[in-house]
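Thank you all for making the time this morning. I would like to walk through one model with you, going from the cysteines to the interface and then to two of the helices. Please have the picture in view as I talk.

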2 protein chains.
Amino acid sequence: MDTVVRSRSKTVVIGAQQPFCVIGERINPTGRKKFAEELKNGDLSTVLVDLENQLAAGANMVDVNAGIPLVDEPELLASVLTLIQENSDVPICIDSSVIEALEAGLAVYDGKALVNSVTGEDERLEEILPLVARHGAAVIGLANDETGIPETPQQRLEIATKIVNAAGDHGIPPEDVVIDPLAMTVGADTEAVTTTLETIRLIRDELGVNMCLGASNVSFGLPRRHELNAAFLPMAMAAGLTSAIMSTAQVCVDSVRGADLLLGHDAWGAAWIAEHRARQAALAT
Amino acid sequence: MDTVVRSRSKTVVIGAQQPFCVIGERINPTGRKKFAEELKNGDLSTVLVDLENQLAAGANMVDVNAGIPLVDEPELLASVLTLIQENSDVPICIDSSVIEALEAGLAVYDGKALVNSVTGEDERLEEILPLVARHGAAVIGLANDETGIPETPQQRLEIATKIVNAAGDHGIPPEDVVIDPLAMTVGADTEAVTTTLETIRLIRDELGVNMCLGASNVSFGLPRRHELNAAFLPMAMAAGLTSAIMSTAQVCVDSVRGADLLLGHDAWGAAWIAEHRARQAALAT
């Protein structure tokens with residue numbers, strides 16, 4: 001099952017037989033005090049720096065979040081999306097928990113966006129799915145609901161199934177629902193990652209939809225986070241994860257592209273070898 | 001099921017609930033012309049350099065191979081093993097396809113060695129298992145036989161089962177048989193790694209024995225091999241691999257130790273955090 005997202009002129013396909021879809025996580029003011037302050041003051045210059053760096057590092061999409069307390073998020077999100085679209089053709093994952101911000105974002109987005117996100121909560125489903133359907137977008141569905149984050153893979157599968165069904169009721173086909181199996185930090189729960197991996201396998205086998213998760217969560221609070229994320233991603237890919245909102249640090253992207261090759265999604269290593277040659281050429285100049 | 005190996009004074013436990021057992025691959029003249037030449041001339045100095053580097057990088061065991069054409073392998077292997085035992089207490093994986101070399105190696109080895117390796121070939125089983133049993137050693141069993149390297153995980157499982165049963169007939173318990181599920185290069189076969197991963201899962205679920213493979217094989221002939229190996233190892237670990245003969249390049253060992261943490265085999269990240277502090281301290285001096 002392939003999920004197709006688009007900018008004005010560029011298409012990205014997320015799917016089990018495709019190279020992994022790397023969604024750059026960086027354009028997000030959460031935990032970035034200076035960046036939040038800049039955005040608050042209408043200074044969007046860092047957005048372009050983050051955009052360029054992530055694209056240079058190999059991001060296939062970028063996540064864009066503009067949630068800052070006491071800021072008009074719909075207006076800010078629309079401005080940031082407009083700026084990015086003026087400066088690149090990368091397809092965008094529009095990220096907000098505020099329905100008006102998603103609405104404003106989708107209004108200015110030219111293409112088929114990935115909306116991040118809806119949950120299994122009835123109220124959220126009824127608010128967000130009509131909006132997604134109206135814009136012909138795809139949507140990330142988080143496998144949690146009114147009762148919180150389920151501990152077992154089976155419960156997460158049930159919520160994922162509920163989201164896929166609810167989307168269908170709104171005319172959104174399963175290929176436009178990307179389930180987030182939820183990655184929690186292993187620093188707080190030593191079972192967190194094994195639960196996530198089992199959830200990924202279960203959703204792949206039972207639902208067969210694409211999946212996306214915030215990969216950096218697993219390493220929260222621990223040192224050498226990039227290295228931990230780099231170890232996590234191949235495991236999740238082998239279990240069936242098809243995309244992630246993630247750091248584009250080189251060790252993380254190398255890990256994903258290496259796993260692509262190893263899992264047979266980069267035939268004869270063509271992309272891997274091309275990247276190697278590009279780096280050698282860059283070193284030689 | 002835990003496999004226990006020992007040097008004179010040090011014990012290493014290989015098991016599904018243990019941190020991954022990193023077996024340094026470096027002390028092996030295959031493909032190392034200069035090293036082979038040195039060994040041929042009785043110069044063992046590089047052995048000690050390789051030993052020290054691998055231990056500093058975090059190897060739990062070292063593989064030792066002394067196979068050089070036209071060289072008295074039993075004598076050379078015994079010399080190298082003696083030298084290593086004089087200079088460290090690391091448990092050793094004694095690596096040869098020559099029965100007389102394994103015999104000479106086991107004769108000078110003080111502890112419980114891991115013998116690398118036997119195959120599912122009747123003749124090899126009848127030659128090597130009595131030797132392993134006599135020395136109370138553990139043995140790596142390669143999942144191939146007279147017919148070559150099986151293409152399917154099911155066929156590899158059958159050979160693994162045959163080896164475990166044959167070992168039992170010689171009084172070697174299943175915990176002293178470590179199966180090599182066979183890692184072939186993905187550069188020659190895009191399905192190679194997925195087949196290996198399925199084999200690992202199958203052997204874990206059906207036999208439950210420990211497993212060890214030559215991890216670097218997967219990247220043979222490709223550029224940036226360490227990065228590929230680093231992406232492979234977490235996938236194999238999540239599938240159930242419990243040890244590997246591998247490069248101790250930092251990106252590989254970081255990947256393994258990160259996966260240990262993520263899979264719940266480094267409670268609260270104690271080892272991961274200790275390593276981080278040690279590196280910070282080393283930088284500060």
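Let me begin with a term: a residue is called buried when its relative accessible area is under 20%, exposed when that area is over 50%, and partly exposed in between, using a 1.4 Å probe and protein chains only. This is a predicted model, in which local features need pLDDT of at least 70 and side-chain atom pairs count only at pLDDT 80 or more, whereas totals for chains, interfaces and linings use all residues. Residues are numbered from 1 along each chain as its sequence is written, chains are lettered from A and ligands numbered from 1 in the order in which they are written, and side-chain values use heavy atoms, with hydrogens and water left out.

With that in hand, Cys21(B) is buried, at a relative accessible area of 1%, and Cys252(A) is likewise buried, at 1%. How many disulfides does the structure hold, over all chains? The count is zero, where a disulfide is a pair of cysteine sulfur atoms within 2.5 Å. For Cys21(B), the closest cysteine sulfur belongs to Cys212(B) and is 7.4 Å away, which is too far for a bond; for Cys252(A), the closest is that of Cys212(A), at 15 Å, again too far.

Now to the two chains together. Chain B is superposed on chain A by a rotation of 180° with 0.0 Å of shift along the axis, at an RMSD of 0.0 Å, the fit being by least squares on the C-alpha atoms of residues with pLDDT of at least 70 in both copies. That is the relation of a two-fold axis, and the C-alpha of chain B nearest to that axis is that of Met235(B), 2.2 Å from it. Taking contact to mean heavy atoms within 4.5 Å, 34 residues of chain B are in contact with 34 residues of chain A. Between them the chains bury about 3100 Å², 75% of it on carbon and sulfur atoms, where buried area is the accessible area (1.4 Å probe) lost when two parts are put together, summed over both. Arg224(B), Leu262(B) and Trp272(B) supply 26% of what chain B buries against chain A, more than any other three residues.

Which residues does Phe232(B) touch, leaving aside those up to four places away in sequence? They are Leu262(A), from the other chain, along with Val193(B), Thr196(B), Leu197(B), Leu213(B), Ala215(B) and Val218(B).

Several of those partners lead us to helix H7 of chain B, residues 192-206, whose buried residues include Val193(B), Thr196(B) and Leu197(B); helices here are DSSP runs of H or I with at least four residues, strands are runs of E with at least two, and both are numbered from the N terminus. Among the elements covering the buried residues of H7(B) are helices H8 and H9 of chain A and helix H6 of chain B. Just after H7(B), Gly208(B) takes a positive phi of about 75°.

Finally, H9(A) is mostly covered, with 10 of its 13 residues buried, among them Cys252(A), where we started, and Leu262(A). Its cover includes H10 of chain A together with H7 and H8 of chain B, and H9(A) is followed by Gly264(A), whose phi is positive, near 85°.
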